[in-house]
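Me: Hi! Could you walk me through this structure? I'm new to this, so plain words please.

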Amino acid sequence: MSNINLFGSSYSPVGSSTSDLLLKSRGKVKIQVGNKFIDLIKDGKINVQSKFIY
């Protein structure tokens, strides 16, 4: 897949608009923003205490 340009930035797409997306993990899902990481899912549950980085 090629990058998509939106709002002046380039994005790498994951998945497809014609199907659902499945992520497999043993309990933690993180995203990296710059040099910091945010826990989206921790111990199999949505991490509502995570602080968003602006």
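Reply: Happy to; here is a short chat about a sheet and some of its residues. This is a predicted model, in which local features need pLDDT of at least 70, side-chain atom pairs count only at pLDDT 80 or more, and totals for chains, interfaces and linings use all residues. Residues are numbered from 1 along each chain as its sequence is written, and side-chain values use heavy atoms, with hydrogens and water left out.

Me: Cool. In what order do the strands of the open sheet come?

Reply: The order is β3-β4-β5, with antiparallel pairing. Strands here are DSSP runs of E with at least two residues, numbered from the N terminus. Two strands pair if DSSP finds at least two bridges between them.

Me: Which strands stand at the edges?

Reply: Those are β3 (29-33) and β5 (45-46). Each has a single partner strand, so one side of each is left without a neighbour in the sheet.

Me: And how many bridges join β3 to β4?

Reply: There are 5 bridges, and the two strands run antiparallel. Val29, for example, stands opposite Ile41 in β4. Strand β4 (residues 36-42) also pairs with β5, over 2 bridges. There, Lys42 has Lys45 in β5 as its bridge partner.

Me: What about the hairpins, which residue takes a positive phi in the one of β3 and β4?

Reply: That is Gly34, with a phi near 65 degrees, in a hairpin with 2 residues between the strands. The hairpin of β4 and β5 has 2 residues between its strands as well, and there Asp43 takes a positive phi near 55 degrees.

Me: New topic: is Asp39 buried or exposed?

Reply: Asp39, which sits in strand β4, is buried because its relative accessible area is 17%. Buried means under 20% relative accessible area, exposed means over 50%, and partly exposed is in between (1.4 Å probe, protein chains only).

Me: Which side chain does the Asp39 side chain make a polar contact with?

Reply: With the side chain of Lys30, at 2.7 Å. A polar contact is a pair of N or O atoms within 3.5 Å; within protein, one must be able to donate a hydrogen and the other to accept it, and residues adjacent in sequence count only if both atoms are side-chain atoms.

Me: Where does Leu40 lie?

Reply: Leu40 is in strand β4 too. Leu40 counts as partly exposed because its relative accessibility is 35%. Leaving aside neighbours within four places in sequence, Leu40 is in contact (heavy atoms within 4.5 Å) with residues including Ile31 and Ile46.

Notes: Helices (H or I, at least four residues) and strands (E, at least two) are DSSP runs, numbered from the N terminus.
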